[in-house]
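Thanks for making the time this morning. I would like to walk you through one model, going from the whole chain down to a single side chain.

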Amino acid sequence: MATRPRSDLYINLPALEKLDAMLLEILESFEKTEFWYVDDGDRSPSANISRSFRRVLKRNEEKWWRPIPCLPSYGLTAKSRKDLKQKRDCANQIHKAAMAINNGILAEMDVPDSFFATLPKVYMYIFILLQFI
């Protein structure tokens with residue numbers, strides 16, 4: 001017995017695979033960049049640079065695990081800035097397309113009656129009203 005995707009998902013798989021390939025292409029293009037990342041605790045000479053993208057995070061703050069983006073003292077070149085903006089715009093479009101596919105699948109999904117039985121009455125009424133909008 002082999003697993004097979006649901007038919008509603010099977011229709012969207014080629015589009016999702018294409019979006020995945022586009023995201024991987026964006027990630028793989030970050031080979032030789034003018035910026036780099038350091039951990040907040042890194043005090044090496046190579047870390048002694050401008051931390052201009054965002055403020056320094058303390059270890060006890062939310063998302064402390066994220067490295068800090070750093071720039072050379074002269075900043076990014078116009079070409080690099082344009083390239084980053086293009087990649088950001090492309091990633092945003094990919095995100096919107098994936099969300100549209102997800103919303104379409106969720107809108108067509110049947111909700112089992114057992115789910116309604118577990119909801120508090122207030123949520124059940126809201127869910128029922130949303131189906132008629």
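The accessible surface of the protein chain comes to about 11100 Å², and carbon and sulfur atoms account for 60% of that area. Please keep in mind throughout that this is a predicted model. Of the 133 residues in the protein chain, 16% are buried. As for the contacts between residues at least 6 apart in sequence, 52% of them join residues that are at least 24 apart.

In terms of secondary structure, the chain has four helices and two strands, and, reading from the N terminus, these elements follow the order α-β-β-α-α-α.

Let me now turn to helix 2, which covers residues 78–108. What span should its 31 residues have at 1.5 Å a residue? The expected value is 45 Å, and since the C-alpha atoms at the two ends of helix 2 lie 45 Å apart, the model agrees with it. The buried residues in helix 2 are Ser-80, Lys-87, Ile-94, Ile-101 and Ile-105, and the partner against which the buried residues of this helix pack is helix 1, residues 7–28.

One name in that list is a lysine, and I would like to stay with it for a moment. Why does Lys-87 count as buried? Its relative accessibility is 13%, and the cut-off for buried is under 20%, so Lys-87 falls within that class. Once the neighbours within four places in sequence are set aside, Lys-87 is in contact with Ile-26, Ser-29 and Phe-30.

Which residue meets the side chain of Lys-87 in a salt bridge? The partner is Asp-83, with a distance of 3.2 Å from N to O. Both residues belong to helix 2 and are separated by four places, which is about one turn of the helix. An α-helix has 3.6 residues a turn, so residues three or four places apart point the same way. The two partners do fall into separate accessibility classes, because Asp-83, at 34% relative accessibility, counts as partly exposed, whereas Lys-87, at 13%, counts as buried.

Searching the whole structure gives two salt bridges. Besides the pair just described, Arg-88 forms a salt bridge with Asp-89, where the closest N and O atoms are 3.6 Å apart. Asp-89 has a relative accessibility of 41% and therefore counts as partly exposed.

To close, the picture I would leave you with is Lys-87 as a buried residue of helix 2, joined through its side chain to Asp-83 by a salt bridge.

Technical notes: Residues are numbered from 1 along each chain as its sequence is written. This is a predicted model: local features need pLDDT of at least 70, side-chain atom pairs count only at pLDDT 80 or more; totals for chains, interfaces and linings use all residues. Side-chain values use heavy atoms; hydrogens and water are left out. Buried means under 20% relative accessible area, exposed over 50%, partly exposed in between (1.4 Å probe, protein chains only). Contact means heavy atoms within 4.5 Å. The expected span of a helix is 1.5 Å times one less than its number of residues. Accessible areas come from the Shrake-Rupley method with a 1.4 Å probe; for residues, only the protein chains shown count as cover. A salt bridge is a side-chain nitrogen of Lys or Arg within 4 Å of a carboxyl oxygen of Asp or Glu.
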